[in-house]
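Student: Got a minute to go over this one with me? I'd like to talk through the aromatic rings and then the pockets.

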Amino acid sequence: MEKEECLFCKIIKKEIPSEMLYEDDKVIVIKDISPQAPIHVIIIPKQHIADLNCLKQDESPIIGHIYMVAKKIVQTLGIAENGYRIVSNCGEQGGQTVQHIHFHLLGGRMLKWPPG
């Protein structure tokens, strides 16, 4: 999928509305439109990277940044102490539906394993 057609790129450019919880120069955090838990947000890098398989070595610092943002968000949402899950799906069989790397952060209830 071309960057211009990417759903998350359009959300980042504010061409499509979303419920944004956080934004900095590298990422945005939005509420998932189809939540799978009481708290379900998506952390999306502003740079278009299709999936983990496409991540280049010089782009790897964004992954560390995403986890540092997640640490802030779980504190803000009040789920740091009770626990949460961070998931990144890759490819069709992995459940990836938007071809832009992103991380689901879920919490607010007991999460089961295996997830699906």
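**Rings and a pocket**

Tutor: Sure. Keep in mind that this is a predicted model. Counting rings whose centres lie within 6.5 Å, you get one aromatic pair.

Student: Which residues form that aromatic pair, and is it stacked or edge-to-face?

Tutor: Tyr 67 and Phe 103, and the arrangement is edge-to-face. The centres are 6.0 Å apart, with 75° between the planes. Planes over 60 degrees apart count as edge-to-face, so that's the label here.

Student: Where in the chain do the two sit?

Tutor: In distant parts: Tyr 67 is in helix H2 (residues 61–77) and Phe 103 in strand S5 (residues 103–107), 36 residues apart.

Student: And Phe 103, buried or exposed?

Tutor: Phe 103 is buried, because its relative accessible area is 6% and the cut-off is under 20%. Tyr 67 is partly exposed, at 41%.

Student: What else does Tyr 67 touch, leaving aside neighbours within four places in sequence?

Tutor: Besides Phe 103, Tyr 67 is in contact with Ile 86. Tyr 67 and Ile 86 are 19 residues apart in sequence, and their C-alphas are 9.0 Å apart.

Student: OK, switching topic. How much space is in the largest pocket?

Tutor: About 690 Å³. Of its 31 lining residues, the closest to the centre are Asp 32, Ser 34, Gln 36, His 40 and His 104.

Student: Which element gives the largest share of that lining?

Tutor: H1, with three residues. S5 is also among the elements giving two or more.

Student: How does the lining split by class?

Tutor: It has 14 nonpolar, 11 polar and six charged residues.

Note on methods: Residues are numbered from 1 along each chain as its sequence is written. This is a predicted model: local features need pLDDT of at least 70, side-chain atom pairs count only at pLDDT 80 or more; totals for chains, interfaces and linings use all residues. Side-chain values use heavy atoms; hydrogens and water are left out. Rings of Phe, Tyr and Trp (its six-membered ring) pair if their centres lie within 6.5 Å; planes under 30 degrees apart count as stacked, over 60 as edge-to-face and the rest as tilted. Helices (H or I, at least four residues) and strands (E, at least two) are DSSP runs, numbered from the N terminus. Buried means under 20% relative accessible area, exposed over 50%, partly exposed in between (1.4 Å probe, protein chains only). Contact means heavy atoms within 4.5 Å. On a 1 Å grid over the protein atoms alone, a cavity is a set of points where a 1.4 Å probe fits but cannot get out, and a pocket is an open set with protein on both sides within 12 Å along at least five of seven lines; lining residues have an atom within 4 Å of a point. Grid points are joined across faces, edges and corners, and a volume is the space filled by probe spheres set on the points. Ala, Val, Leu, Ile, Met, Phe, Trp, Tyr, Cys and Pro count as nonpolar, Asp, Glu, Lys and Arg as charged, and the others, Gly among them, as polar.
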